[in-house]
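Student: Please take me through the largest pocket of this model in detail, and follow its lining inward to the nonpolar core if the two share residues.

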Amino acid sequence: MNAAIRDLVIEQGATYEDPLCISDEGGPVDLTGYSAHMQIRPTPDSATLLHDMSTTNGGILIDGPASMVTLFIDAAVTATFTWQRGVYDLELTEPSAKIRRLFKGTVLVDPQVTRP
């Protein structure tokens, strides 16, 4: 299975929450015991890391029985984004340590106009 292309738009200065329901040909997938990791970089081969999200650092939340993966970035963090475009992929690690790349695509940061 190839990663699905899914582009993301993050509004600078706003909380970013993106719930994703994970399923396969057999329906919803129980994600109990899974972990996830996602990185945003300027280009796929760049060494520069724009943002890092995982189940370890709280940037990705998994509700296993509900088959839900939620991407989360606090408003205080999105307010600090000075970059406007990047690329990402989202990897899911099964309890057996098998890694699947679920999604990939571009990330656009929509600049904030109203500021404190």
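Tutor: A pocket here is an open set of points on a 1 Å grid over the protein atoms alone, where a 1.4 Å probe fits, with protein on both sides within 12 Å along at least five of seven lines; lining residues have an atom within 4 Å of a point. The model is predicted, so local features need pLDDT of at least 70 and side-chain atom pairs 80 or more, while totals for chains, interfaces and linings use all residues. Numbering starts from 1 along each chain, and side-chain values use heavy atoms, without hydrogens or water.

The largest pocket has a volume (space filled by probe spheres set on the points) of about 220 Å³. Its lining consists of H37, M38, Q39, R41, T43, P44, V87, Y88, D89, E91, R101 and G105. Two or more of these residues come from each of β6 (35–41), β10 (85–93) and β11 (99–110), strands being DSSP E runs of at least two residues. By class, 4 lining residues are nonpolar, 4 polar and 4 charged, with Gly counted as polar.

Now look inward from M38 and Y88, which line the pocket and also belong to the largest nonpolar core. Such a core joins buried (under 20% relative accessible area) nonpolar residues through side-chain atoms within 4.5 Å. Of its 25 residues, I22, M38, I60, L71, Y88 and L90 touch the most other members. β6, β10 and β11 are among the strands supplying at least two core residues each, and β11 gives the largest share, 4 residues. Beyond four places in sequence, I60 has contacts (heavy atoms within 4.5 Å) that include the pocket-lining H37 and M38, as well as L71 and L90.

Note on methods:
Buried < 20%, exposed > 50% of the residue type's maximum accessible area, 1.4 Å probe, protein only.
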